[in-house]
Amino acid sequence: GDATPGGWSNPVPVPTQQFTQLSGSEFTLDLQLTAGGSYLFLPMNGSWDHKFGGATDGTETGGATLLADGAVPGSNTPAPATTGNYRINVNFLTGKYKVTPL
């Protein structure tokens, strides 16, 4: 999305916007996010068929609720209020994502 270096291009730039799989359900990515923008999580690069994300910036304690495929609001997942480098962790088993400043 426009909060990421690759913008709304799809496919997204790899490896800079490619998540690393930590376990069967948990993924992580370190990325610069731009305040005021938004983004989505795409399970298949180059495809808009499935989209995940959330309604908040994910910085709250304990993380935020990962919305089901197709339930992401039209405004997409908002970036944090401050532009900077962040670690994004997504866990499809727990249904949570967390965005932490680096």
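Reader: Why does F41 count as buried?

Author: In this predicted model, F41 has a relative accessibility of 4%. Buried means under 20%, so F41 counts as buried.

Reader: And what about Y39, buried or exposed?

Author: Y39 comes out at 3% relative accessibility. The cut-off is under 20%, so Y39 counts as buried.

Reader: How many aromatic pairs turn up in the whole structure?

Author: Six aromatic pairs are found. One of them joins W8 and W48, with 6.3 Å centre to centre and 40° between the planes.

Reader: What makes the pair of W8 and W48 tilted?

Author: Look at the angle. Planes under 30 degrees apart count as stacked and over 60 as edge-to-face, with the rest tilted. W8 and W48 have 40° between their planes, so the pair is tilted. As for being a pair at all, the centres have to lie within 6.5 Å, and here the distance is 6.3 Å.

Reader: Why does that pair tie together parts that are apart in sequence?

Author: W8 sits in the segment before β1, while W48 belongs to the loop between β3 and β4, so the pair links parts 40 residues apart in sequence.

Reader: How do you know that W8 counts as partly exposed?

Author: Partly exposed is the range between under 20% and over 50%. W8 is at 36% relative accessibility, so it counts as partly exposed. W48, at 38%, counts as partly exposed too.

Reader: What makes Y39 and F41 an edge-to-face pair?

Author: Their planes are 65° apart, with 5.6 Å centre to centre. Over 60 degrees counts as edge-to-face, so that is the label for Y39 and F41. Ring pairs also link Y39 and F41 with F19 and Y97 into a cluster.

Reader: Why is S47 called buried?

Author: S47 has 16% relative accessibility, so it counts as buried, given the cut-off of under 20%. This residue lies in the loop between β3 and β4. Its side chain reaches the backbone nitrogen of D49 at 3.1 Å, which fits the limit of within 3.5 Å for a polar contact. S47 also touches N10 and L42, leaving aside residues up to four places away in sequence.

Reader: How do you know that β6 and β7 pair?

Author: Pairing takes at least two bridges, and β6 and β7 have six, in the antiparallel sense. Within β7, V99 is the bridge partner of I88.

Reader: Why is one side of β1 and of β4 left without a neighbour in the sheet?

Author: The open sheet runs β1-β2-β6-β7-β4, with antiparallel pairing. β1 and β4 stand at its edges with a single partner strand each, so one side of each has no neighbour in the sheet.

Definitions and conventions. Residues are numbered from 1 along each chain as its sequence is written. This is a predicted model: local features need pLDDT of at least 70, side-chain atom pairs count only at pLDDT 80 or more; totals for chains, interfaces and linings use all residues. Side-chain values use heavy atoms; hydrogens and water are left out. Helices (H or I, at least four residues) and strands (E, at least two) are DSSP runs, numbered from the N terminus. Buried means under 20% relative accessible area, exposed over 50%, partly exposed in between (1.4 Å probe, protein chains only). A polar contact is a pair of N or O atoms within 3.5 Å; within protein, one must be able to donate a hydrogen and the other to accept it, and residues adjacent in sequence count only if both atoms are side-chain atoms. Contact means heavy atoms within 4.5 Å.
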